[in-house]
Amino acid sequence: ASSSASMVPVDEVWMGGSSTSMLSCVCTGLGLLCQSIICEFAFLPAYYALFAVYQYHGLNMLCLVFAPILFLDAVLTLAVAVALKWIILGKCREGSWPVFGWFYWKWWFIHQIEHFASENVAKFVADTVLFNWYLCLMGARVGEGTRLNM
C-alpha cells in the first residue's frame, strides 16, 4: 500500500503553517487586539465632539449638529478603512496563498476592518454616491450610474 502523501501531486502539497502554531496564535491575538482597538475608537471623535457641543452650547445646538457630526464620523471611519486596506494589504492579485501565511494574516485583518465598516457605517451610506466611492477606493470597479445597496 502506498502512502497518502505520494498520492497527492507535488504542486498541490499544502505548505502553509498550522493554526495551532505559536506564530498563528500570536498573529491572531495581535490581530484581534488591533481590531478591537480600532473598532472601539472609531466612534470616539464623534462622541467627544457631541459631548463638547452639549457642554458648551447646550441641548438645542446638540440637536442641530448631531446628524452632521455622525455623518462626518461615518466618512472618517470609511476613510480609515480605505487607508488601512491600502497601507497594509495593497492591491490583491489572484493566486494561491498559503493559509496562515503572511499574506493571509494581512488579508484577514483587513477583512475584519472591512466587515466592521460595512456592518456599522457603510449600511447607512448604501445606495448613495458615497458608497460607490468607498467601493471604488477599496479597489472595486463600479460602473457609472450604478446604484448599490447592502
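Ala, Val, Leu, Ile, Met, Phe, Trp, Tyr, Cys and Pro count here as nonpolar, Asp, Glu, Lys and Arg as charged, and the others, Gly among them, as polar. With that scheme, the lining of the largest pocket divides into nine nonpolar residues, one polar and one charged. The model is a predicted one.

Take the pocket itself next. The space in this largest pocket comes to about 220 Å³. Two elements give two or more residues to its lining: α2 (22-41) and α5 (102-125). The lining includes Val26, Cys27, Leu30, Gly31 and Cys34. Ile88 is also part of the lining. So are Trp102, Trp105, Lys106, Trp108 and Phe109. Gly31 is in the lining, and Gly counts as polar. Lys106 is there too, and Lys counts as charged.

Now step back to the whole protein. The protein has six helices and zero strands. From the N terminus on, the order of elements reads α-α-α-α-α-α. Of the 150 residues, 27% count as buried. Contacts with a separation of 6 or more can be split by distance in sequence: residues 24 or more positions apart account for 59% of them.

How far can the model be trusted? The average pLDDT of the protein is 79, and 86% of the residues score at least 70. Among the elements, helix α3 (residues 44-57) has the highest mean, 89, and helix α1 (residues 4-7) the lowest, 48. The pLDDT stays below 50 over residues 4-10, a stretch that has two contacts in the model beyond near neighbours in sequence. Where pLDDT is low, the predicted coordinates should not be read in detail.

Helix α5 brings us to the aromatic rings. The whole structure holds five aromatic pairs. One of them joins tyrosine 104 and tryptophan 107: the ring centres are 6.2 Å apart and the planes stand at 35°, so the pair is tilted. An angle of 35° falls between the cut-offs, under 30 degrees for stacked and over 60 for edge-to-face. Tyrosine 104 and tryptophan 107 are three residues apart in helix α5, so about one helical turn separates them. Tyrosine 104 is partly exposed because its relative accessibility is 24%. Tryptophan 107, at 37% relative accessibility, is also partly exposed.

A second pair joins tryptophan 105 and tryptophan 108. Their ring centres are 6.1 Å apart and their planes stand at 85°, so this pair is edge-to-face. Both residues lie in helix α5, three residues apart, about one turn of the helix. Are these two tryptophans buried or exposed? Tryptophan 105 and tryptophan 108 are both buried. Both also belong to the lining of the largest pocket. Tyr104, Trp105, Trp107 and Trp108 form one aromatic cluster.

Two further residues complete the walk. Aspartate 73 lies in helix α4 (residues 59-89). Aspartate 73 counts as buried because its relative accessible area is 4%, and the cut-off for buried is under 20%. Which residues does aspartate 73 touch, leaving aside its neighbours within four places in sequence? Its contacts are Ala42, Phe43, Pro45 and Ala46.

Alanine 49 lies in helix α3. Its relative accessible area is 29%, so alanine 49 is partly exposed. Alanine 49 and leucine 62 are 13 residues apart in sequence. In space, their C-alpha atoms are 9.7 Å apart.

Technical notes: Residues numbered from 1 in each chain as written. Predicted model: local features only at pLDDT ≥ 70, side-chain atom pairs only at ≥ 80, totals over all residues. Heavy atoms only, no water. 1 Å grid on protein atoms, 1.4 Å probe; cavity = no way out; pocket = protein on both sides within 12 Å on 5 of 7 lines; lining within 4 Å. Points joined across faces, edges and corners; volume = space filled by probe spheres on them. Helix = DSSP H or I, 4+ residues; strand = E, 2+ residues; numbered from the N terminus. pLDDT = per-residue confidence, 0-100. Contact = heavy atoms within 4.5 Å. Buried < 20%, exposed > 50% of the residue type's maximum accessible area, 1.4 Å probe, protein only. Phe/Tyr/Trp six-rings, centres within 6.5 Å; stacked < 30°, edge-to-face > 60°.
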